[in-house]
Amino acid sequence: MKINMSHGSGGKASAELMRNIFGKYFGNEVLDKMEDAAVLDLPGKIAYSTDSFVVTPVVFKGGDIGKLSVCGTVNDLLMLGAEPKYLTAGFILEEGLELDQLETIVASMAETAKKAGVVIVAGDTKVVEGRGGLFINTSGIGLIPEGRDVSAANCEQGDVILLSGTLGDHHACILSARMEIENNIASDCACLNDIPNTLFQHGIHVKTMRDVTRGGLATVLNEIADTSQCGVELREDDIPVHPEVMGFCDILGLDPLTMGNEGKMIVIVPEEDAEKALTLMKETAVGRDAVIIGKATAGKGVVMKTRIGGSRVVDVLYGEGLPRIC
Amino acid sequence: MKINMSHGSGGKASAELMRNIFGKYFGNEVLDKMEDAAVLDLPGKIAYSTDSFVVTPVVFKGGDIGKLSVCGTVNDLLMLGAEPKYLTAGFILEEGLELDQLETIVASMAETAKKAGVVIVAGDTKVVEGRGGLFINTSGIGLIPEGRDVSAANCEQGDVILLSGTLGDHHACILSARMEIENNIASDCACLNDIPNTLFQHGIHVKTMRDVTRGGLATVLNEIADTSQCGVELREDDIPVHPEVMGFCDILGLDPLTMGNEGKMIVIVPEEDAEKALTLMKETAVGRDAVIIGKATAGKGVVMKTRIGGSRVVDVLYGEGLPRIC
Amino acid sequence: MCIAIPGKIISIEGPKAKVDFNGNLVDVNIGLVDPAVGDYVLVHAGCAIEVMSKEKAQELIDLFQELEEIGV
Amino acid sequence: MCIAIPGKIISIEGPKAKVDFNGNLVDVNIGLVDPAVGDYVLVHAGCAIEVMSKEKAQELIDLFQELEEIGV
Amino acid sequence: MNAEQIIKYLKEYQGDEVNIMEVCGTHTASIFKSGIRSLLSPKIRLISGPGCPVCVTPAAYIDRCIEYALKENHVLCTFGDMMKVPGEKGSLAQAKGDGAKVELMYSPLEILEKAAANPNITYVIAAVGFETTAPAYALVMEEAISRGLQNIRIITALKTVMPALTWICENEKGIEGFLCPGHVSVIIGSQSYGELAETYHKPFVVTGFEPEYILAAIYDVVRQLEARSDGKTVHNLYSNAVKPEGNQKAQTLIEKYFEPGAAVWRGLGPIEDSGLYIKEEYQRFDGGSRGLDRDIELPESCRCGDVIVGRINPNECPMFGSGCHPVSPYGPCMVSSEGACGIWYRNR
Amino acid sequence: MNAEQIIKYLKEYQGDEVNIMEVCGTHTASIFKSGIRSLLSPKIRLISGPGCPVCVTPAAYIDRCIEYALKENHVLCTFGDMMKVPGEKGSLAQAKGDGAKVELMYSPLEILEKAAANPNITYVIAAVGFETTAPAYALVMEEAISRGLQNIRIITALKTVMPALTWICENEKGIEGFLCPGHVSVIIGSQSYGELAETYHKPFVVTGFEPEYILAAIYDVVRQLEARSDGKTVHNLYSNAVKPEGNQKAQTLIEKYFEPGAAVWRGLGPIEDSGLYIKEEYQRFDGGSRGLDRDIELPESCRCGDVIVGRINPNECPMFGSGCHPVSPYGPCMVSSEGACGIWYRNR
Ligand code: SF4
Ligand code: SF4
Ligand SMILES: [Mg+2]
Ligand SMILES: [Mg+2]
Ligand SMILES: [Mg+2]
Ligand SMILES: [Mg+2]
Ligand SMILES: [Mg+2]
Ligand SMILES: [Mg+2]
Ligand SMILES: [Mg+2]
Ligand SMILES: [Mg+2]
Ligand SMILES: [Mg+2]
Ligand SMILES: [Mg+2]
């Protein structure tokens with residue numbers, strides 16, 4: 001069997017690859033938690049994470065691969081309740097890449113890092129044959145203040161699930177560019193620092209956070225349900241999707257629930273903190289469209305009440321989510 | 001101007017790219033030190049480094065890209081006097097990669113990590129179009145015990161330079177495979193923990209360490225001479241090169257001084273510690289062929305006394321070091 | 001997957017039209033229909049396959065009235 | 001860059017020979033020379049261009065004696 | 001009658017068990033996404049018919065596509081959902097990993113520009129679909145002729161719905177009513193179903209894709225069946241899009257370039273006149289479409305054929321969820337996200 | 001006479017200033033690597049002649065190579081050191097970044113296998129070199145004919161050393177003696193230099209590549225010059241490899257496939273009969289090699305021509321190290337790691 005695109009889609013095939021190969025050999029107490037970032041018992045508690053970025057086009061409406069590579073790792077650190085501090089950046093450049101374009105991207109990384117309060121402290125560059133593109137890997141370290149315990153395993157029946165804004169923007173933006181469909185959809189690519197910052201400052205009991213990236217909300221919620229051994233109940237009417245993104249999905253037969261985002265997150269809090277958390281999130285720029293989308297139940301898996309009152313299982317993405325004819 | 005292969009060669013073109021682009025935007029106190037790893041003022045002193053690995057073929061005599069990706073980062077941490085603790089691993093897989101091959105590589109990473117005493121605590125996988133290859137990025141964190149101060153800036157006139165073994169093995173091994181030249185040359189790919197461990201245990205005053213990777217001994221020594229503001233004097237007769245590697249260099253017109261290694265390092269110590277350091281290094285498996293190759297001088301740059309008594313400047317690698325016709 | 005929603009013709013140039021689906025502009029072949037700018041069309045695999053009745057294109061048809069007319 | 005060192009013929013098959021340079025085996029065309037297995041050859045761009053005099057191939061020629069013979 | 005009343009009626013329905021086939025893949029997807037099944041009485045069973053042209057494609061066709069994709073200077077162009085369908089030597093997705101040149105298309109008409117720009121590359125279009133998609137391939141040929149493009153080939157696995165519906169009416173007596181395929185009806189017209197309704201005394205309802213349309217159509221079918229008279233008939237609830245006579249321009253174009261011939265439907269077997277093939281005079285476009293009937297040999301335990309016509313539910317297949325799941329689909333009904341088995345698996 | 005005595009002699013030499021040209025790039029590299037210059041009296045100057053075939057290649061040739069590399073279904077095959085030589089539209093390395101198909105070769109004979117395996121791709125060989133390399137290209141044609149391969153082209157920029165040496169003897173009186181090119185001599189034989197030695201009263205010494213060989217040859221030249229008699233002559237210190245008559249099989253093969261013609265040498269200009277071109281009857285192999293004389297217009301300040309014949313040292317060129325350095329070489333002498341300017345730069 002060979003690798004194909006679906007192994008990198010963040011969906012089921014990726015999960016199998018994870019379990020069957022990486023998990024098999026790398027398995028250890030820290031890695032097995034399958035969090036976005038590792039929690040380490042160094043002198044002081046730190047979060048430490050990595051991600052590679054391979055998006056094409058490398059510059060798109062609302063961002064570029066450089067901005068993305070900072071936001072992605074910063075967000076993963078934030079999701080553990082950490083304050084992001086340091087990044088590393090590894091570049092794999094394809095022969096033929098325009099230096100001007102590289103400079104734009106590097107400048108954008110630097111600007112994004114500055115805004116997010118992180119410092120890039122180590123780097124590496126390789127050049128490979130190819131078609132003028134580039135890949136970026138970032139790793140990051142964040143400090144976890146005393147007393148914080150945020151984890152995908154913390155979710156319990158009755159907890160409320162908040163989503164920071166509309167779904168599918170990044171995915172639709174990138175696919176639009178590749179398929180040359182004109183629209184005004186911009187990637188939501190953003191560092192989410194403001195949301196955890198305000199929640200912790202105001203004493204919200206944050207149980208779980210997750211950025212909603214590759215694989216989409218469907219995948220993230222299924223993982224949480226699985227890890228926390230609970231069910232999740234959503235209401236379709238409450239899930240915000242920009243009408244232009246919805247139109248894009250209609251054209252290609254895509255589902256916003258399995259589409260990737262790069263500046264969206266979910267927060268899970270006890271019922272009594274939900275309204276206050278929502279208000280706080282809405283006061284931030286990256287959370288202004290925040291909504292309550294559902295709650296944790298005693299059940300299993302993720303179930304959604306549809307607009308017409310039906311109910312459907314929301315499963316993880318299988319394979320790639322390719323545009324379809326039928 | 002566009003990126004070409006020489007930007008990734010570790011030579012001058014790479015250095016210019018570093019300075020003109022990454023340095024320009026990322027510049028900060030830590031990064032500007034241009035060490036193999038960042039020294040961070042976290043609660044406790046840690047070293048933190050990253051490297052991407054893009055070697056083809058991905059499996060070669062003496063190792064594979066997985067082993068390499070662990071050794072590379074572990075070694076970079078060691079060179080700062082750190083004890084390597086945690087790694088992250090980011091995989092970029094090309095469509096068409098054989099799963100069996102991936103499994104072999106991942107297993108090799110795990111084994112190497114275990115031997116080197118590091119734990120892989122976070123990871124990421126992406127799949128891209130391509131020709132069945134893969135790239136690996138690793139980042140690493142190491143703890144720097146109290147009182148250690150190892151740096152490329154510490155070298156002073158009179159200090160002695162030790163090299164842990166023969167030059168050019170990895171580079172010759174990889175090029176042999178690509179050019180289908182049969183020989184028994186194996187990559188020297190190895191984690192170097194044993195050398196710093198024994199030196200520190202025995203109270204050697206280690207001033208500078210560097211693993212001799214991309215760009216070769218010539219590049220590493222020039223960087224140290226530059227950073228420490230001293231000269232370096234070598235003796236050609238003292239520099240060990242395996243006869244088979246020398247034969248390989250003769251065929252292609254390559255110079256072992258600018259060829260890459262993956263399990264070799266230099267150590268710089270005060271003159272009074274040199275003999276003891278040499279003896280200790282020779283007692284380790286990875287340092288059994290260690291030699292004293294020269295010393296730091298009041299001069300500038302790197303100068304080598306040749307076998308016939310001439311002297312030549314040893315400059316960094318320019319461009320790529322391609323096989324030549326003339 | 002058929003595109004269930006109709007798109008609005010924004011401009012026509014020879015055998016091609018720009019069709020707007022909720023702000024997404026797609027180039028569509030109109031060789032199978034005779035639409036005018038402003039018409040709503042059903043699109044499949046890059047071809048407009050029908051022009052929707054004007055008065056009913058933008059909203060759900062009054063199905064329930066229709067059911068009653070049919071008499072089921 | 002010419003290969004300065006001579007290589008030793010290990011085996012011959014038709015127009016090709018395997019030539020050993022300090023343990024590195026290279027496929028070499030022998031269309032320009034007539035070597036036997038065991039001979040030392042000079043190689044350039046994948047072709048053997050000369051067979052070295054047997055007695056002198058493996059060591060530096062005694063240049064200094066030669067200089068004296070020439071009488072410079 | 002309003003939506004709530006319809007939903008209440010369908011939920012509380014206690015009459016005879018009814019089996020309704022929705023023929024259109026887009027209807028199937030909408031039923032799944034809106035959770036319509038959860039709103040129906042257990043007495044109302046929806047059967048996903050052979051409405052996904054991908055699912056009914058035989059293995060020999062996939063193998064032919066891969067053959068082209070591996071050929072020097074050839075590129076195979078396909079819709080995304082064909083990528084995972086297994087042929088005898090694996091799927092197009094696997095072949096792509098091996099170096100086959102496969103490009104995804106959004107519309108077959110895109111290929112015209114590519115072909116004009118790269119005259120040394122032959123573009124081979126994997127032409128699957130029903131009457132809705134066939135005119136697009138006809139337009140490709142029409143344009144290629146007028147622009148003098150020599151480097152386009154088409155491998156057809158085009159199917160027509162009427163012969164399949166006739167086959168089902170004749171052979172699967174258990175199916176009592178039909179939701180007619182949505183956009184296929186746009187092309188062929190609602191009056192096409194008249195003869196079948198009359199001959200087999202079954203209701204055929206044409207409807208749109210919003211869940212309300214579908215609910216209304218189910219209600220319509222159930223009510224017609226309840227009436228117990230022989231007067232089952234065609235109703236068109238999608239009259240703003242579907243004309244009684246259909247799109248005649250499209251029909252003319254199909255007739256110009258294609259002629260009917262026997263075709264194999266996975267699960268149903270060969271059906272006379274149910275395929276469309278490029279006519280003799282346009283043979284230069286044909287990438288060798290005829291005779292691609294050989295299908296993958298499914299193991300005995302596979303029940304794809306029974307699933308497609310609703311004889312069993314997917315979870316009654318012994319392969320379901322063990323040998324066969326969406327990551328490595330065995331049968332075609334598991335491949336497409338609209339295949340009956342795929343939908344059941346995600347809702348298991 | 002032993003090595004130490006020779007070194008002592010050359011270090012302490014206080015006679016007239018002597019200018020010795022080493023013609024062979026491999027000699028230049030060995031001189032550099034072993035630090036021979038540091039062992040010589042300031043009165044002994046070594047001049048790196050036009051012995052690197054890459055350095056003397058005109059821009060039009062590079063441009064032709066790039067043209068082929070960008071052509072559909074064509075692959076350009078080259079030795080590594082050609083990659084950075086600037087043409088008018090940049091180098092092959094830059095073109096490769098833009099998508100040109102450039103493959104590095106170790107031997108031109110490799111191309112035979114590639115061509116046999118991929119009949120739809122035309123392999124274009126950038127054939128640079130002197131008499132040492134020319135027979136390899138002749139062998140490629142010989143084999144291609146016997147194997148019936150149609151898809152190999154050769155663009156030649158082949159040069160012969162004797163016409164260039166004659167030109168130098170005639171035009172650059174300041175050069176008093178020559179280290180003969182090493183492996184070129186293997187092909188053409190040591191007796192080739194006899195006429196020049198006699199006509200121009202200059203010593204020509206054939207020698208090997210080890211530093212001791214080179215030192216002995218320098219010593220030989222200096223001693224011959226000191227003798228102040230007219231009896232300058234050819235000495236062969238590399239007699240275990242170089243025969244007086246050279247390799248006649250190779251010479252025959254060169255004559256079979258090539259004929260002499262005028263060629264441009266960067267820095268020297270056009271020299272009658274100093275190039276090798278594919279003969280009329282083998283024209284089908286020729287990728288259009290004739291007339292590629294147009295060279296890059298070097299700015300006035302560039303002194304490449306003077307450097308190549310030793311009129312100035314590289315650091316006397318105003319571009320040296322500022323406009324022109326190894327990462328972005330301006331003149332050809334900076335491109336090759338054996339070019340005079342490149343060597344001086346690394347030893348600055
Ligand atoms: S579960 Fe798989 S094997 Fe069984 S009927 Fe469905 S598709 Fe066929
Ligand atoms: S320094 Fe550059 S420009 Fe000047 S002579 Fe040398 S190669 Fe030519
Ligand atoms: Mg991560
Ligand atoms: Mg992430
Ligand atoms: Mg995340
Ligand atoms: Mg590095
Ligand atoms: Mg590093
Ligand atoms: Mg490193
Ligand atoms: Mg290092
Ligand atoms: Mg990740
Ligand atoms: Mg349809
Ligand atoms: Mg030569």
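Start by selecting E:Met21, whose bridge partner in β7(E) is E:Phe178. This is a predicted model in which local features need pLDDT of at least 70 and side-chain atom pairs count only at pLDDT 80 or more, while totals for chains, interfaces and linings use all residues. Side-chain values use heavy atoms, with hydrogens and water left out; residues are numbered from 1 along each chain as its sequence is written, and chains are lettered from A and ligands numbered from 1 in the order in which they are written.

**The sheet in chain E**

Extend the selection to strands β1 (residues 18-22) and β7 (residues 177-180) of chain E: they run parallel and are joined by three bridges. Strands here are DSSP runs (E, at least two residues), helices are runs of H or I with at least four residues, and both are numbered from the N terminus. Two strands pair if DSSP finds at least two bridges between them.

Now show the whole open sheet, five strands in the order β2-β1-β7-β8-β9 of chain E, with parallel pairing. At the edges are β2 (44-48) and β9 (234-236) of chain E, each with a single partner strand, so one side of each has no neighbour in the sheet. From one strand to the next, the twist averages 20°, with axes fitted as lines to C-alpha atoms and angles running from 0 to 180 degrees between N-to-C directions.

**Ligand 1**

Staying in chain E, select ligand 1 and the residues around it (a heavy atom within 4 Å). Among them are E:Cys302, E:Arg303, E:Phe320 and E:Cys341. The elements that give two or more residues to this shell are α12 (304-308) and α13 (332-335) of chain E. The shell has ten nonpolar, one polar and one charged residues. In this classification Ala, Val, Leu, Ile, Met, Phe, Trp, Tyr, Cys and Pro count as nonpolar, Asp, Glu, Lys and Arg as charged, and the others, Gly among them, as polar.

**The magnesium ions**

Move to ligand 7, a magnesium ion whose protein donors are B:Thr50 (O) and B:Asp76 (OD), 2.5 to 2.7 Å away. Donors are N, O and S atoms within 2.8 Å of the metal (3.2 Å for Na, K and Ca); water is not among the atoms, so sites may look incomplete. B:Thr50 lies in strand β2 (residues 44-53) and B:Asp76 in helix α2 (residues 65-78) of chain B, so the pair ties together parts 26 residues apart in sequence. B:Thr50 is buried, with a relative accessible area of 2%, and B:Asp76 is buried at 5%. Buried means under 20% relative accessible area, exposed over 50%, and partly exposed in between (1.4 Å probe, protein chains only). Add the magnesium ion of ligand 6, which lies 3.9 Å from the magnesium ion of ligand 7.
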